[in-house]
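Got your viewer open? Let's take a short walk, one selection at a time.

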Amino acid sequence: TFKNFNHSHTLRNMSVVLCMQKLFKHYFYASGYSLDNFKLTYEDLAHFETLLLPQISTLCTNLISANANFNRIDKLKYIGNDSLTTENLYVCLKEQIWNDHHVGKLDDDGFRNCGKCEKCLRTLIILESLGLIDDYRKIFNVDYYFRAKSTYIKTMYALRYENDTYSDILKFNPSLIKMG
């Protein structure tokens, strides 16, 4: 059984695409994990999207795991210096709404990304490690991040063997271990 969103998010997201498959000949789905982290597991289908997506593709729509050779650090390196992302990147796990202007509800502090959820904190720690964090102050609560950083690093360190992204971040920037 699927106990949480991670257990089925790939299938749920792709079911929407396939419901509208006449609109898409090729659909590129941002890979959740790099090929280095490929494993067959029900914990998170994103671990084997590169195998799964071709299997659920149809004659009309080819589902493709995009940038599966990139981990999250590589992805942020790739887009980090693009001015479009410094104003429009949306990674937050908080409430998401559609309106005429953008996806993403501004939180009470006026930031598109809350800066407090796991995805925001993970993104901010990578941006800081890349020396790009100040470029993202318009859309993330960076001040909160700096207050929560030490606790978050301790959590990353404790879960590094269970979470591939945490392991990748700590390998990329080993000095974080001393900060936590």
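Which way does helix 6 pass helix 7 in this predicted model: in a left-handed or a right-handed crossing? Helix 6 passes helix 7 in a left-handed crossing.

**Stop 1: helix 6 and helix 7**

To see that crossing, select residues 142-158 for helix 6 and residues 164-172 for helix 7. Their axes come within 9 Å and cross at roughly 110 degrees. Angles of 65 to 115 degrees count as roughly perpendicular, so that is how helix 6 stands to helix 7.

Now show side chains. On helix 6, pick Tyr 152, Met 156 and Tyr 157; they meet Tyr 166, Ile 169 and Leu 170 of helix 7. Colour this contact by class and you get six nonpolar residues, with no polar and no charged ones.

**Stop 2: the largest cavity**

Keep helix 7 on screen, as it also takes part in the lining here. The structure holds two cavities of 30 Å³ or more, and the largest has a volume of about 80 Å³. To find it, select Asn 37, Asn 71, Arg 72, Thr 165 and Asp 168: of the 15 lining residues, these are the closest to the centre of the cavity.

Which helix gives the largest share of the lining of this largest cavity? That's helix 7, with four residues. Helix 3, at 72-79, also supplies at least two. The lining of the largest cavity is a mix: five nonpolar, six polar and four charged residues.

**Stop 3: helix 3 and helix 5**

Stay with helix 3 and add residues 118-129, which are helix 5. The axes of helix 3 and helix 5 come within 10 Å and cross at roughly 60 degrees, and this crossing is right-handed.

For the contact itself, show Arg 72, Ile 73 and Leu 76 on helix 3, then Arg 122, Thr 123, Ile 126 and Leu 127 on helix 5. You've met Arg 72 already, among the residues closest to the centre of the largest cavity. By class, the contact of helix 3 with helix 5 has four nonpolar, one polar and two charged residues.

**Stop 4: the second largest cavity**

Last selection: how much space lies in the second largest cavity? About 40 Å³. Its lining includes Ser 31, Tyr 33, Ser 34, Leu 35 and Phe 38. Add Ala 46, His 47, Glu 49 and Thr 50, then Ser 65 and Ala 68, to complete the lining of the second largest cavity. Coloured by class, that lining divides into five nonpolar, five polar and one charged.

Technical notes: Residues numbered from 1 in each chain as written. Predicted model: local features only at pLDDT ≥ 70, side-chain atom pairs only at ≥ 80, totals over all residues. Heavy atoms only, no water. Axes fitted to C-alpha atoms, helices over the stretch in contact; angles between N-to-C directions. Parallel < 35°, antiparallel > 145°, perpendicular 65-115°, else oblique. Left-handed = near helix turned anticlockwise from the far one by under 90°. Contact = heavy atoms within 4.5 Å. Nonpolar A, V, L, I, M, F, W, Y, C, P; charged D, E, K, R; others polar. 1 Å grid on protein atoms, 1.4 Å probe; cavity = no way out; pocket = protein on both sides within 12 Å on 5 of 7 lines; lining within 4 Å. Points joined across faces, edges and corners; volume = space filled by probe spheres on them.
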